[in-house]
Amino acid sequence: MVIGAGIGGLTATRVLADRFERVVLVESGVLPAVAGPRDGVPQARHVHGMPARGARQLEELFPGLRAELTAAGAPLFDHGLRASTTVFAGLVPRARAGVQAQCFSRDLLEWSLRRRVVEQPQVRVRDRSPVTGLCWSRDATRVVGVRLSGGEVLDAALVVDASGRFSKLPQWLVEAGYPRPAVQVVDAGLAYATMVFDAPGRGFDALQHMNSAPDLPRGAFVVHVEGGRWMATVFGAGGDHPPTDEQGWREFAGTLGNADLDALLASATPVKGAGIHGFKRTENRRYAYAAIRRWPRRLVAIGDSVAAFDPVFGQGMTVSVLQAEALGETLAGADDLDAVARRAQRRVAAIVRTPWLMSVSEDLAWHHYRERGTLPLWLRPVFWYKRRLIRLVVADAEVFRAFLSVYHMVRSPAALVGPRVLAKVCFRVPRLGPVKTATGSDGARQNSETVVPRLRGAEAKGGRACRKPNRSG
Ligand SMILES: Cc1cc2nc3c(=O)[nH]c(=O)nc-3n(C[C@H](O)[C@H](O)[C@H](O)COP(=O)(O)OP(=O)(O)OC[C@H]3O[C@@H](n4cnc5c(N)ncnc54)[C@H](O)[C@@H]3O)c2cc1C
C-alpha cells in the first residue's frame, strides 16, 4: 500500500509491483486522465528541474521515459550549452558540459509516470481517498493497514508513506504511542511566484539566475517546456517575496537585471487562464525516523514526508526516486517483511544526508543573517570557500563542469573539494571585474559580449555582477 501519488509514491508503487502481487496506491486528490494540473501538489505549478541523476534512475525504472517526454515536446539538451546561467559573479560562459538536462512541466512528468504505473496489472489506484490514519496490530508494533476518510479500512502487508511535505505521519505515530519524531527545520524565508508564457524559441532552453546570501535574495528559473511554452519562476529568500500580480511580478523579474530574462519576457504573452501562483512553504524539514529505536514493522516513509528541501536546489524528486529504489533493493534481498522497514528507513535517511547538507549549508546563511546579521564562526570558512568557488564557475570551464555534475547529483560534493579544484579555489580565483549579462537570443553572441573575470592569483574586492534588487520592489 502506498499513500500519495506524487513522484515518490509513483516510483515506490512501480518498485513494489516487482515484489507484491497487488499494490494499492491511495491518493487524496483527483488524478486527471491527461497531463494537467491537479490538487494535492500545489508545487507542480512551479518550475521543476530534474537533475541528470534522477532522470537516469527514472529511465531505469521506466525504460523509454526520456524518449516519450522528448516526443511530447520536452527539450533535451546539454546543460552547459543550452542553459543561461547567472551567478553573483556574472553570466557563466556556455561550454559543453556532458550533462544532459530535460525540461518539462511537472504535470507531464507525473502523468507519464502515472500512466505507466497504472498499466501494471498488479497496481490498483484509488484517488479521492484521503488516508486519515494507520491501522495497527494489537500491540502497536506493526502497521497492518490504513483508514480512509469515510472510515473504510484497507489491510496491507506493507505501508509506504509518500504523502509529501504535509504528511500526518508524526501525528499518527504519536497517536499509536510512539515518541514524537525529532525534526530539524531550516527556513531561508523563500517564496516562489510562477507565470506561464507563450514566446518564440530562444538561444537557450533553461535559465537560472541564482540568488546569494546575504545581499542578493532574488533569483529566477525559466524552462522551455512541452507545447513550446515557457514556465518562469521568480523567487526571493530572506522574506523578500515576489508579488503575485502581473505588474508586480514583472517588476520583480526586472530587478534581476538579467538581459536574457528581460528579452524573453518582452516577447512573451501570458497563457490565458494560467494565472500567477505563489508558494511560501519552502523550508527544509527533516524527520529523524531512522533514529526511533522501535520503528514500527511494515511501515516505511519516503520522499518529502521524511525530508523536504528548499526547492531552489531541485533535489526533492531525485531523492524520492533514489529512496524508492533503495526500498526495492531492500525488499529484494529480504525474506522477512518484518525486518524490512527499519532497514529501509535507515537507507532512506542515508540518501537524505548529502542533499540535506547541500541545501541547509546555504539556507543557514539566510537564517543567521536574518536572525543575527552575521554568520556563525563555523559557517564562515564554508562560505568563504563557496563564494570563491562560484567565482571560478564563471571563469574556469573545468570548475563549471565539476559544479554542474554536483548540481545534477551525478557526482558527490567531494568533487568540489578535490585537489585540483581546491588549489584553484585557494590560489586562482578571478578578480571580480565588470560583468554584464547576455543580450539577445544567440548563445555565441551572448558569450562574446560577456566580460568574463580574468584569472588572478589573489582574491580582490570588487563590484557585484548582478544588479542589487530594489528591496522596495
Ligand atoms: C515550489 C516547489 C518547487 C520545487 N521544485 C523542485 C525541482 O525543481 N526539482 C525537484 O526535484 N524537486 C522540486 N520540488 C520538490 C518536489 O516537489 C518533491 O520533492 C517531490 O514531489 C517528491 O515529493 P513526494 O512524492 O514525497 O510528495 P508530493 O509530490 O508532494 O506528493 C504527495 C502526494 O500525497 C498526496 N497526499 C497527501 N496526503 C495524503 C493523504 N492523507 N492520503 C492520501 N494522499 C495524500 C498528495 O495529494 C500528493 O499527491 C519542489 C517543491 C516545491 C514546493
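Helix α1 (residues 7-16) and helix α9 pack at an angle of about 20°, and their axes are 8 Å apart. Because angles under 35 degrees count as roughly parallel, α1 is described as roughly parallel to α9. Welcome to this structure, which is a predicted model. Two topics are covered below: how some helices pack, and what surrounds one pocket.

**Helices packing with α9**

- Two packed helices are described by the angle between their axes and the distance between the axes.
- The crossing in which α1 passes α9 is right-handed.
- Helix α2 (residues 52-61) also packs with α9 (residues 316-332), at an angle of about 40° and with the axes 9 Å apart.
- The pair α2 and α9 is therefore oblique.
- In handedness, the crossing of α2 and α9 is left-handed.

**The second largest pocket: place and volume**

- The second largest pocket has a volume of about 910 Å³.
- Its lining is made up of 37 residues, and those closest to the centre are M358, S361, E362, K386 and F403.
- This pocket lies between two domains, because domain 1 (2-43 + 105-184 + 283-356) and domain 2 (50-54 + 73-102 + 189-281 + 376-473) both give residues to its lining.

**The second largest pocket: what lines it**

- Three elements give two or more residues to the lining: α10 (337-372), α11 (380-395) and α12 (397-407).
- Helix α10 gives the most to this lining, with 9 residues.
- By residue type, the lining of the second largest pocket has 27 nonpolar, 5 polar and 5 charged residues.

Technical notes: Residues numbered from 1 in each chain as written. Predicted model: local features only at pLDDT ≥ 70, side-chain atom pairs only at ≥ 80, totals over all residues. Heavy atoms only, no water. 1 Å grid on protein atoms, 1.4 Å probe; cavity = no way out; pocket = protein on both sides within 12 Å on 5 of 7 lines; lining within 4 Å. Points joined across faces, edges and corners; volume = space filled by probe spheres on them. Helix = DSSP H or I, 4+ residues; strand = E, 2+ residues; numbered from the N terminus. Nonpolar A, V, L, I, M, F, W, Y, C, P; charged D, E, K, R; others polar. Domains from an automatic or database assignment. Axes fitted to C-alpha atoms, helices over the stretch in contact; angles between N-to-C directions. Parallel < 35°, antiparallel > 145°, perpendicular 65-115°, else oblique. Left-handed = near helix turned anticlockwise from the far one by under 90°.
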